[in-house]
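Got the model open? Let's walk through it together, one question at a time.

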Amino acid sequence: MASPSSTAVANRSQVVTWVLRVLVVGYLLMLVAWPTAYVVKHTFAGGMTGIQDALADPDVVHALKLTAQIAVAAVIINTVFGVGMSLLLVRHTFIGKRALSVLIDLPLSVSPVVVGLALVLVYNGRFGWFGPFLEDHGLQIIFAKPGMIMATCFVILPLVIREVVPVLEELGDDQEQAARSLGASGRQTFLRITLPSIKWAVVYGVVLSLARALGEFGAVKVVAGNVGGETQVATVLVQQKYQNFQQETAYSVAFMLVFAAVLCLIVVALLRPQDSQK
Amino acid sequence: MSIEIKGVNKMFGDFVALDDVNVSLPTGQLTALLGPSGGGKSTLLRIIAGLDAADSGTITIEGTNATTLPPQKRNVGFVFQHYAVFKHMTVAKNVAFGLEIRKRPKDEIAARVDELLKLVHLSQFAHRLPSQLSGGQRQRMALARALAVEPTVLLLDEPFGALDAKVRKELRDWLRRLHDEVHVTTVFVTHDQEEAMEVADEIVVINNGRVEQVGTPDQLYDEPANDFVMGFLGEITTLNGVMLRPHDIHVSLTPEVAGAAEGTISRLLRVGFEVRATVLTDDGEEVTVILTRTHARQLGLETGVRVWVTPAAGALTMPSLTAAAG
């Protein structure tokens, strides 16, 4: 059926397809899969003993707990403000709206270490702008949990907003206006109409920010005291253990972090198809 | 009077959407706001509903000053051009929304939803999602949803604008019959003069942010207040410096009446039962004439035939502005 020339074209495009496939898969393998697999391999080099030993170390347990606490707190705060700011950006016009929109992307472009330093400058207890005042009133920010939560919030700020804004824009405000004309107050309209319409975007944003918050290193390291068993999060602990030649523990904790992040992504992947079927 | 609009102005930047609008819309009637796109009719409807705020002026609904009331306190039903269905709720839930907000008892809501779905012929679709309905069905659902809260006034913003011609015609008839059943004061916006004349008890013609004329369909057609209204409600042509409707022109093959304009048929177009002839008069006017096919055959009209044209007896005429200026 096919003429010789069209067969040649088909062959060539097949070759191109294969080359592209090999290239992409190879790239992912070298960059992501192999190193991650290496962590897993090292973790389980001695069976479960690596993980058991790591979990027997009170510093490790504390660091994991602290990471979880900070991630959850930051994600909750970020979800509330993220949804609120998305509504503000999409549904209202005000002076400085575009500036705000650009500002929200700042955490993506600024190095987390710089974020940490900036927070230290403003909130530290000795020479910061707010720090001494807050510390006089019994609230320590830097080298304590509030600072670590703030740093994490800063880093994950765009993740919920960038998920929710396009959905809100596509949704339009027709349904909200209809709800208002049917007697719903602003709160009722949000809870009954807006929130159900954007819930999958919010869920996706939450999971992404949770995964990002668990892995945050730079910003948190700068603002935290990094005292083992007190203000040291899991990522910083991994670095410290690795440098102290406790590689087994480092690999085990690293594996647990990877596992949690992958779990988050799997949850999203499982949730998404149900959304599109609906 | 159900809705009183007094001295309403609205600007969008430099654009004047409404310019000192004063209208009274009577209780229990079906009123059409008719006008070209961008003329301000939708803006007026949204201001009545409270979805937009007027820059100045007052809105009174059934004796209550509603000018500063938020939409949820006005007790109006609003139907949008693009339906604005609640996509994540079933048809029944959509209709029940206003009642649930008002915290009515469950069995009362169920009974009312049932009754309304019957009214709009959607009973068998109660448990479907709006995405499974056609455009016409969605709009009927939106109408039931708006009616559920027993609004003082029902406002429809180009309700049939997004539907195809056949469904639009069906829904138009259906809206008229529905209104005769439920008698709620209804205002709908349209740019289709045929739709307005067919459905409405009263028509408000709006152009460039101003009310051009208010009246029954017959009043508007027979006694248009100005050339804009005359031109908007039907085709017009100019003969001897007066404007009149093309079907109000008498054509003869001999100079029967004194003052008849003599001319040549330059173009003949047949559309179904209708024949549209363009007569080029010796004075240089291009006159459009509409006759029935039978009449045109009786006269033996063809391109190039000499004819005499005069306004028919009883024709509505109006001095032409262009003729007066020229």
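What follows is a set of questions and answers on this predicted model.

Q: How many helices and strands does chain B have?
A: Start with the overall frame: the C-alpha atoms of chain B fill a box of roughly 80 × 45 × 30 Å along the principal axes. Of its 326 residues, 40% count as buried. As for the elements, chain B has 10 helices and 18 strands.

Q: Among contacts in chain B between residues at least 6 apart in sequence, what percentage join residues at least 24 apart?
A: Contacts here are taken between C-beta atoms within 7 Å. Counting those in chain B between residues at least 6 apart, the share that joins residues at least 24 apart is 64%.

Q: Does helix α4 (residues 97-109) of chain A lie largely in the open or is it buried, and how many of its residues are buried?
A: Helix α4 of chain A has 13 residues and reaches 19 Å from its first C-alpha to its last, close to the 18 Å expected. A residue needs 20 or more other C-beta atoms within 10 Å to be buried. None of the helix gets there, so α4(A) lies largely in the open: the number of buried residues is 0.

Q: Which element supplies the largest share of the side of chain A that touches chain B?
A: The contact takes 14 residues from chain A and 18 residues from chain B. On the chain A side, α8 (174-181) and α9 (186-215) each supply at least two residues. The largest share, 6 residues, comes from α8(A).

Q: Which helix gives the most to the largest nonpolar core?
A: That core has 96 residues, and among those touching the most other members are B:Leu33, B:Ala142, B:Ala144 and B:Val309. With 7 residues, the helix that gives the most to this core is α4 (residues 135-148) of chain B.

Q: Which residue of β9(B) is the bridge partner of B:Leu33?
A: Strand β3 (residues 30-34) of chain B runs parallel to strand β9 (residues 202-207) of chain B, and 4 bridges join them. B:Leu33 is also one of the residues that touch the most other members of the largest nonpolar core. Its bridge partner in β9(B) is B:Val204.

Q: Which residue takes a positive phi in the hairpin of β9(B) and β10(B)?
A: Here β9(B) and β10 (residues 210-215) of chain B run antiparallel, joined by 5 bridges. One pairing to look for is B:Ile206 with B:Val211. The hairpin has 2 residues between the strands, and the one with a positive phi near 50 degrees is B:Asn208.

Q: Is B:Asp55 buried, exposed or partly exposed?
A: You'll find B:Asp55 in the loop between α1 (41-49) and β4 (56-61) of chain B. Not counting residues up to four places away in sequence, B:Asp55 touches B:Asn9, B:Lys10 and B:Met11. Its C-beta neighbours inside 10 Å number 13, so B:Asp55 counts as partly exposed.

Q: Which residue in β12(B) stands opposite B:Leu239?
A: The open sheet here has 3 strands in the order β11-β12-β18 (chain B), with antiparallel pairing. Its edge strands are β11 (237-239) and β18 (317-319) of chain B. β11(B) pairs with β12 (residues 242-244) of chain B over 3 bridges. Opposite B:Leu239 stands B:Val242.

Technical notes. Residues are numbered from 1 along each chain as its sequence is written. Chains are lettered from A and ligands numbered from 1 in the order in which they are written. This is a predicted model: local features need pLDDT of at least 70, side-chain atom pairs count only at pLDDT 80 or more; totals for chains, interfaces and linings use all residues. A residue is buried if 20 or more other C-beta atoms lie within 10 Å of its own, exposed if 12 or fewer, and partly exposed in between; C-beta atoms are placed from the backbone. Two residues are in contact if their C-beta atoms, placed from the backbone, lie within 7 Å. The expected span of a helix is 1.5 Å times one less than its number of residues. A nonpolar core is a set of buried Ala, Val, Leu, Ile, Met, Phe, Trp, Tyr and Cys residues joined through C-beta atoms within 7 Å. Two strands pair if DSSP finds at least two bridges between them.
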